[in-house]
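This report reads a protein model step by step, moving from single residues to the whole chain. Please keep the sequence and the structure in view while reading.

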Amino acid sequence: MLKYAIIFAIISLIAGALGFTGIAAGTAGIAKILFFIFLVIAVVFVVLAVLGIGAARKALK
């Protein structure tokens, strides 16, 4: 997911530099959404790892 956010951010920068402001704004919005989804998922996985829920708990048993 982070990979796609970075790709959309790069496309947005290139489109903005070339003067395609509509495309730049659209891809920047998509990049923001994907980045925040990535952050939420990453935080959830970190919390689950700290609590010992999931694969880490099964491995310890």
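## Ser12 and Thr27

Ser12 has its place in helix H1, and in this predicted model the residue counts as buried, with a relative accessibility of 10%. When the neighbours within four places in sequence are left aside, Ser12 is in contact with Ala24, Thr27 and Ala28.

One of these partners, Thr27, can be read from its own side as well. Thr27 belongs to helix H2, and with a relative accessible area of 9% Thr27 is also buried, because the cut-off for that word is under 20%. Beyond the neighbours within four places in sequence, the contacts of Thr27 are Phe8, Ile11 and Ser12.

## Ala28

Another partner of Ser12 is Ala28, which is found in helix H2. Is Ala28 buried, or is the residue partly exposed? At 28% relative accessibility, Ala28 counts as partly exposed, because this value lies between the cut-offs of 20% and 50%.

Although Ala28 and Ala5 are 23 residues apart along the chain, their C-alpha atoms are separated by 8.9 Å in the model.

## Aromatic rings and a charge

How many aromatic pairs does the count give? The count comes to two aromatic pairs. In one of them, Phe35 and Phe38 form a tilted pair, with 6.5 Å from centre to centre and an angle of 35° between the planes. The pair is called tilted because an angle of 35° is neither under 30 degrees, as stacking would require, nor over 60, as an edge-to-face arrangement would require.

The positions of the two residues along the chain belong to this picture too: Phe35 and Phe38 are three residues apart in helix H2, which covers residues 21-51, so about one helical turn separates them. Phe35 is partly exposed, with a relative accessible area of 36%, and Phe38, at 27% relative accessibility, is likewise counted as partly exposed. Ring pairs also bring in Phe36, so that Phe35, Phe36 and Phe38 are linked into a cluster.

Elsewhere, a ring meets a charge: the charged end of Lys3 sits over the ring of Tyr4, at 5.7 Å from the centre of that ring.

## Transmembrane regions in the record

The unreviewed UniProt entry places the feature "transmembrane region" at residues 7-27 and at residues 33-56. In the model, the span of residues 7-27 is 90% helix and 0% strand, while the C-alpha atoms at its two ends lie 9 Å apart.

## The whole chain and its confidence

Taken as a whole, the protein contains three helices and zero strands, and from the N terminus on its elements run α-α-α. Of the 61 residues in the protein, buried residues make up 13%. The protein exposes about 4700 Å², and carbon and sulfur atoms supply 81% of that area.

Which elements have the lowest and the highest mean pLDDT? Helix H3, made of residues 55-60, has the lowest mean value among the elements, at 59, whereas helix H1, made of residues 2-18, has the highest, at 90. For the protein, the average pLDDT is 85, and 87% of the residues score at least 70.

Methods. Residues numbered from 1 in each chain as written. Predicted model: local features only at pLDDT ≥ 70, side-chain atom pairs only at ≥ 80, totals over all residues. Heavy atoms only, no water. UniProt positions renumbered as here; feature names shortened; annotations may be inferred. Helix = DSSP H or I, 4+ residues; strand = E, 2+ residues; numbered from the N terminus. Phe/Tyr/Trp six-rings, centres within 6.5 Å; stacked < 30°, edge-to-face > 60°. Buried < 20%, exposed > 50% of the residue type's maximum accessible area, 1.4 Å probe, protein only. Lys NZ or Arg CZ within 6 Å of the ring centre and 35° of its normal. pLDDT = per-residue confidence, 0-100. Contact = heavy atoms within 4.5 Å. Areas by Shrake-Rupley, 256 points an atom, 1.4 Å probe, with all protein chains shown as cover.
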